[in-house]
Structures are given as C-alpha cells and as structure tokens.
Amino acid sequence: MKQVMTLAVSAAILLSVPLSSASAARNGYQTVAVNSNMFEVIPRARQDVDGYWCAAADFARRTLGAGWQQRIYVVRGYGPSEATGRRTAVQFSLQQPTNVAQQSSSISVGFKAGESMSVQGANGRCNIRPFRD
C-alpha cells in the first residue's frame, strides 16, 4: 500500500510540473523558446557551427514536433541571447524570416539570416566532431 501511495504522489507531482520551453541538446547546447515562432541556441562550452545546427534540430524534433523534411531557418546570426542574457546565441525558426531571402545551406563560417537546412540535415551534423589543432 505504501508503494502505491508513493507512486500516486510521484505521478501527481510530475503531472503538475509545466512543460518547459527550454531544453539541453545532447551536445551541451541550451535551446530556449524566445516566442511562439523563434528559439535560441546558446552554447555552454563548445561553440562550433555544427553544434548549433544539431541543437536546433533536436529542439525542432523533440519540442516543436517538426518532421525530418521541415526546414529550420536562421533568423539572426551570432548575438546576445534575448532569453538568457548570455553573450552568444543564434536565433532559429521553423518559419522563413520575412525580411530576408532564403539561402540554402552550404559550407559557411557563422550564420546568415535566411540560411536554412532541413531538420534531417541539421541532425546529421550532430555526429561531426569539432576540428581542433
């Protein structure tokens, strides 16, 4: 009986906690919803371009329910985080920004507003190891 009561109390606590709009990707990046259309990827230690795309794909799939072919768009390149105040973040959206032309992904340094990649393509960057001297 004690076990049943413990499970009931645990279930009640878990169900009362609201779903968070922030998550941590498996590569150590934090992802936070800025509003209903935009989210930020914020690095903790690692800061390579592939890590940002990987975290964006993870958030799009797990939190936003995006399909593999859904495109992820860069809304704003490197800049201060609106959600956390951290010095560096990149803003993404599943909706194409209206103020810039769409750019397909290619090998680039940094992020350009309007650049996009499919969730599947961004997820493929999760297995790339950062280059170190």
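User: What is the mean pLDDT of the chain?
Analyst: This is a predicted model. In the chain, 68% of the residues reach a pLDDT of 70 or more. The mean pLDDT of the chain is 79.

User: Over which residues does pLDDT stay under 50?
Analyst: One stretch has zero contacts beyond four places in sequence. Where pLDDT is low, the predicted coordinates should not be read in detail. The stretch with pLDDT under 50 is residues 4-20.

User: What pattern does the chain follow, read along the sequence?
Analyst: The chain has three helices and seven strands. Read along the sequence, they give the pattern α-β-β-β-α-β-β-β-β-α.

User: What percentage of the residues of the chain count as buried?
Analyst: Buried means under 20% relative accessible area. The chain has 133 residues. The part that counts as buried is 36%.

User: How much of the accessible surface of the chain belongs to carbon and sulfur atoms?
Analyst: The accessible surface of the chain comes to about 8300 Å². Carbon and sulfur atoms hold 54%.

User: Among contacts between residues at least 6 apart in sequence, what percentage join residues at least 24 apart?
Analyst: These contacts are counted within the chain. Those that join residues at least 24 apart make up 54%.

User: Which residue does the disulfide join to C54?
Analyst: The structure holds one disulfide. Its S to S distance is 2.0 Å. The link has 105° about the S-S bond and is right-handed. The partner of C54 is C126.

User: How many residues apart in sequence are the parts that C54 and C126 tie together?
Analyst: C54 lies in helix α2. C126 lies in the segment after α3 (119-124). The pair therefore ties together parts whose separation in sequence is 72 residues.

User: Is C126 buried or exposed?
Analyst: The cut-off for buried is under 20% relative accessible area. C54 is at 1% and counts as buried. C126 has a relative accessible area of 13%, so C126 is buried.

User: How many aromatic pairs does the structure hold?
Analyst: Rings pair if their centres lie within 6.5 Å. F39 and F59 form one such pair, with ring centres 4.8 Å apart. The count of aromatic pairs is nine.

User: Why is the pair of F39 and F59 tilted?
Analyst: Planes under 30 degrees apart count as stacked and those over 60 as edge-to-face, with the rest tilted. The planes of F39 and F59 stand at 40°, so the pair is tilted.

User: Which parts does the pair of F39 and F59 tie together?
Analyst: F39 is buried, and so is F59. The two parts are 20 residues apart in sequence. F39 lies in residues 38-42 and F59 in residues 49-62, so the parts tied together are strand β3 and helix α2.

User: Why does the pair of Y52 and Y78 count as edge-to-face?
Analyst: The ring centres of Y52 and Y78 are 5.7 Å apart. Edge-to-face needs planes over 60 degrees apart. The planes of Y52 and Y78 are at 75°, so the pair is edge-to-face.

User: Where do Y52 and Y78 lie?
Analyst: The pair ties together parts that are 26 residues apart in sequence. Y52 lies in helix α2, and Y78 lies in strand β4 (residues 71-79).

User: What is the relative accessible area of Y78?
Analyst: Its partner Y52 is at 0% relative accessibility and counts as buried. Y78 is partly exposed. The value for Y78 is 42%.

User: Which residues form one aromatic cluster?
Analyst: Both pairs described above take part: F39 with F59, and Y52 with Y78. The full cluster is Y29, F39, Y52, W53, F59, Y78, F92 and F111.

User: Which ring does the charged end of R61 sit over?
Analyst: The charged end of R61 is 4.2 Å from the ring centre. The ring is that of W68.

User: How far apart in space are I72 and G121, C-alpha to C-alpha?
Analyst: I72 lies in strand β4. I72 is buried, with a relative accessible area of 0%. I72 and G121 are 49 residues apart in sequence. In space, their separation is 9.7 Å.

How values were computed
Residues are numbered from 1 along each chain as its sequence is written. This is a predicted model: local features need pLDDT of at least 70, side-chain atom pairs count only at pLDDT 80 or more; totals for chains, interfaces and linings use all residues. Side-chain values use heavy atoms; hydrogens and water are left out. Rings of Phe, Tyr and Trp (its six-membered ring) pair if their centres lie within 6.5 Å; planes under 30 degrees apart count as stacked, over 60 as edge-to-face and the rest as tilted. Helices (H or I, at least four residues) and strands (E, at least two) are DSSP runs, numbered from the N terminus. Buried means under 20% relative accessible area, exposed over 50%, partly exposed in between (1.4 Å probe, protein chains only). A charge sits over a ring if NZ of Lys or CZ of Arg is within 6 Å of the ring centre and within 35 degrees of the ring normal. pLDDT is the predictor's confidence in each residue, from 0 to 100. Contact means heavy atoms within 4.5 Å. Accessible areas come from the Shrake-Rupley method with a 1.4 Å probe; for residues, only the protein chains shown count as cover. A disulfide is a pair of cysteine sulfur atoms within 2.5 Å.
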